[in-house]
Every structure is written in structure tokens, then in C-alpha cells.
Amino acid sequence: MRIRGIGIGLIAAGIAVLSAPIAAQAQDTPQPRTLRVAVTGNIATMNPFMAFHLGDTEIGRVMYAFLTSYSRDDFSPAPGLADKWQVSDDKLTWTYHIRSGAKWSDDQPITAKDVAWTFNKIMTDKTAATANGNFVANFDTVTATDDSTVVIRTKTPQATMLALDVPIVPEHVWSKVTDIGKYDNLQYPVVGSGPFTLTNFTQGQSITLKANPDFYGDKPAYDQLQFRHYDNADAAVQGLKNGDVDVVSGLTPTQYTALQSTPNITTVKARQGRQNDLLINYQAQTNDHQPVGDANPVLKDPKVRQAIAQSVDVKTLVDKAYGGLAEPGAGFVPAVYEQWHWTPSGTQEQKFDLAAAGKLLDEAGYAKGADGVRADKQGKPINLRLVVDSGIPAQVSAANFIKGWLTQVGLGVTLQALSSDAVTDAGSTGKYDLELNGWTGNPDPDALLSIQTCGVLPDADGNGNTENFMCDPQIDQLYKAQLSEMDKAKRIQDVKDLQARLYSLDSSVVIAYPNSLEAYRSDRWAGFGLQPSQGGSITHQNGYYGYLLAKPADAASSGGGSNTTLIVVIVVVVVVLLGGGAFLLSRRRKAGADERE
């Protein structure tokens, strides 16, 4: 449950009217120790087959284990449900051994049959492949030879077999689901295998998970993990200051700087696997290549797209819009994954140059009118809609800079600052000209690169996982090459060549790799399991260590700022306010999950 600032005053009033016996009774009742994390976007789904938004996968990672995982230290492959594995000499057959004694949260054993069922479902059900179909597209067969062994045979060698980011689900639950796409996965407690079990989800309010005592790894040092919804980042920061939540992520540079001097709050800055880019919509289409959306046709001209790319000064955006708390954009794979990251050479780079951009447009025949706005080939003034999420200040600021630069070269721009849901809808239907967007990549680049391939274009109903409707034969060829290349050095070159090709097409302009900016209540929590362990982040990891290894501060047991005290206060407030019409449970709005993974 989210509590607004006005509620804090009512808390004080409510406590004042309580009798001493009631207060004493509340304090004598053992309360679960809870880690509370602020979220500002809606969760689109709890269904792991459909979840690709960043918020959805964040919850999924603590609910479901993967076949293998990423180490906390350096993202290298680590055991998951499988604690050992082998690959055949021809690199086509992988044998995974499921750890002994692993259990689902309903006490049923986890077996190789669950793994085989999950992968086979994705391989045979198009809807089930929505989020993670790219991982199994090259699979030939998946077989459970017994309860502890699963064998995956691939059509060609596949370099990602220790980076299959697919949540494994319990066959005894999911085999009864008749329509994967419509299944909400909200039968509490939701049967899972991760360190936490989902016990409640109220859209726009909160998500509560309890520690899973049957988790095969480390056990949390607290009882519950709760994600609390706030309408925006400012409200979330106020909640942190008030003590309503313990962790806030996605801070703006201004918020981050201000919190550095706030008592009892510690800030965290880390490099992260996230990139923000400016999408240029020139080929929105379905998977049968039928055009969709309403993009301005002028964007089909490569010279127009190149001119737009040359009109974006990524250094200024980093310095001004991101407050210096980001790295300048270049290649599609984020800079934190250094071995896979590509930067253009001197001859490849499309440098910020407004004069050169204007010259390109002149040569392409887009003349300026008396008002300084260029006209298309039909004589109609060019006006491009630039869509941005109104709830992300850094991107709104970046959009205003970009609009200014494009105006200088004679391209009309209308800035559309929309809700997260509206931005998502525009992006998925192709109803935009330009859009500021963001994706989070995994340590292995395959999943991030897959969103640039023809195979993930949406169907007529919009089911797909494409970033910007990219479909290019050369990119598809390079994607397949990197996926099957077992020589790491050669695979790295394929990945970089793919990024170079994407850069040359100007389907998007990567503007920044923002730092992860977080803050937490250090009077309640002594620390968290960062990933990577040196200089990493608490939230939005390629794992669950931030939540799993959170350690309550010693002061928590003394009553000063403890979680137990906070829970008692919240319970008291609900009792007091429900009698007055449940004021705090009203006035909520729906906010979309704007970021994707």
C-alpha cells in the first residue's frame, strides 16, 4: 500500500488517539520484517511467458529460478536449477543435471521434467514464446531422460546455452493452463522456485512476496519483500524520506544529489546494462510484412535519418539532461558489457554537426519554406512527432534538446509527453515518428540483439518483442552467426559487426547509458548484495542478489527506525482510517511499465 504525504499527518493523529493497551498489544504481536522497494510503473504481467518489461522481469527473477544463472561477482555463468552440465564434442548436445532436493514452494520436487516442459511449451506455443522465444529458436529437441537430467539438442551450435534467461515453471501448475496469453498467474501463493513467493498483487498499490524457506540457495535475513507503487519519482523519494519505503531506484540526477546529504539515507551509483535511444520509425510492420502505424513517410529516406542522427549531441545530453550521471551512447550493447560493446571508428562515426545535417537535407531536396521549416517531396511542411514518457525527467529534458537541434536544421517537431502506458502503446503500434526509449540488456548480448531481428516482428494482434520493427537481411545473418559461433573472439566480432550495421541504418540513435541511481535507508539496512559485487546496483540486476542478501541494520532490533515499528504504525493507520472511509486507498492512477528488457 502506498502512503502519500497527507497520510503521514494522519498517522500522527491516529497514534495520538490510541489507548495505551491497544498500542501495547500491537507491539507485543510479532510482525514480519519487511524490505520495501518503491516502484513507479505498473506491472504489465506476472506471467513469465509474457513478461519482457523491466518491472515484470524484476519480479520474475525473485519468483522463478533459471536453468543457470549469472555470478554476482562478474556475470560469468553460475549454477541455477542445474548445478553441473556438459556439452558434446560437436557442441550440439547439452546435458544439464538438476540439483538434488530442489523443491517448488508448494513442496513438490523440481525435476528435469519441469525444465523440459517449459522449453517445449515455448517451442510449440507461439504465445508462450512472446518473451523468450529467441532462446529456443535454434533448439531441436528438449528431453528429460530422468528426473534429474535434461538434454537439449540444438540445430546448430548455440553460444548462449549457459545464458538461457528463461524462468522455469512447474509443470503440475502450468500444464493445466488452457490459454497462456490470458493466464494472470495470480493464484496465491504463486508456486515458484526463487528466493521469494508471491502472496499478493494489487495493481497500482503493492506487490508482496514472502521468503521461500525451500529456496535452494542462501535464505533472506528478513520475512517479506514488498514493492510499493508511487505515482512518480518525487513521491517515491518523499516516501523514502518519510520512512514508508527502504529502497528507491531510478533517481533523477537532481534527486540523487539532494539525497547524498540526507540523514539516514545512503546513495548508490553504478554502471548498469541499460541504454536509452531515440527511435526513428521508418518501417513499422507485422511479421508478414504488412505496414502498421502512421509514421511520416519522409523517414524512409536514409538521408533524413542520417541528418537526424547528426543532429543529436550525445555529449550535451549526458552533461545536461543526465547531469553527467551517464555515459555517452554509441553501440547498441551497453558500455558496461565491455567485451561486447562497439563504438564507431572515425570513418563510421556520424558526428554531431548541424551544418552537415542541413546540407544533407538540402542535397536530398527538402527545401526550407519562409518559416524555416522544410517541406517533403509533396510540398507539405515536415512535422515529426517526438514521443517521450512524461514520468522520466531525464528523457523529457533530452527530448527538448533534440527538438531544438532538429528545429535548427529545419525539421518541424511536435513534442508529445505521454504517460508510460501511452508511450508503450504508441511504440507497439508504430504510431510515432520519433520516440525516446530504453532497454536493459543481459550480460550475454543475444537477447538484446534479438529485438532487432525479423523473427520478433509482431503479429497482427501486436504480439512480438521488437524494439523498432527492424527487419534487415544482413542483421539477421549476423545475429545467426554470433548465436552459433563457439569461438568467443569470433563471436565478439560478429556482435560488433551487427551493431555497426544497425548504426549505419539509423533506425535509432543510442543517446546514453545512464548510471543506476539508487538510495536506501541506512538506519534500517546495513547493506545489499550488489551485482557486480564491486560497484554494482541493488535493483534491476541480472539476478536477485540485491534482495536476497539484504541485511537489516543492527539498530533495527533496538526500536530506532526498525521495520517492526514501521509495520505497527501502518497497521494502526489502516485501522484508524478505514473507519473514516479508507482515504489512503483512493486517488490512485494507473501508470504503465515503460521500460523493457
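Which residue follows helix 16, and what is the sign of its phi? Select Asp 506: this residue comes right after helix 16, and its phi is positive, near 55°. Before moving on, know that you're looking at a predicted model, where local features need pLDDT of at least 70, side-chain atom pairs count only at pLDDT 80 or more, and totals for chains, interfaces and linings use all residues. Residues are numbered from 1 along each chain as its sequence is written, and side-chain values use heavy atoms, leaving out hydrogens and water.

**Stop 1: helix 16**

Now select residues 488-505, which make up helix 16. (Helices are DSSP runs of H or I with at least four residues, strands are runs of E with at least two, and both are numbered from the N terminus.) Its 18 residues should span 26 Å at 1.5 Å a residue, and the end C-alpha atoms are indeed 26 Å apart. That expected span is 1.5 Å times one less than the number of residues.

At the start of the helix, pick Asp 487: one of its side-chain oxygens reaches to within 3.1 Å of the backbone nitrogen of Ala 489.

Next, colour the buried residues of helix 16, including Ile 492, Val 495, Leu 498 and Leu 502. Buried means under 20% relative accessible area, exposed over 50%, and partly exposed in between, using a 1.4 Å probe and protein chains only. The buried residues pack against helix 9 (302-310), helix 14 (446-450) and helix 15 (473-484).

**Stop 2: the disulfide**

Select Cys 454 and Cys 471, which are joined by a disulfide with 2.0 Å from S to S. (The cut-off for a disulfide is a pair of cysteine sulfur atoms within 2.5 Å.) Both cysteines sit in the loop between helix 14 and helix 15, 17 residues apart. Cys 471 is buried, with a relative accessible area of 17%.

**Stop 3: the sheet**

Show strands 4, 5, 7 and 6: they form an open antiparallel sheet in the order 4-5-7-6. Strands count as paired if DSSP finds at least two bridges between them. At the edges are strand 4 (82-87) and strand 6, each pairing on one side only. Strand 4 is joined to strand 5 (residues 93-98) by 5 bridges.

**Last stop: Ala 144**

Finish by selecting Ala 144 in strand 6 (residues 139-146). Ala 144 is partly exposed, at 24% relative accessible area. Leaving out residues up to four places away in sequence, Ala 144 touches Ala 112, Lys 113, Ala 116, Thr 149 and Val 150. Touching here means heavy atoms within 4.5 Å. How many residues apart in sequence are Ala 144 and Ala 116? They are 28 apart in sequence, yet their C-alpha atoms are 5.9 Å apart in space.

Key:
A polar contact is a pair of N or O atoms within 3.5 Å; within protein, one must be able to donate a hydrogen and the other to accept it, and residues adjacent in sequence count only if both atoms are side-chain atoms.
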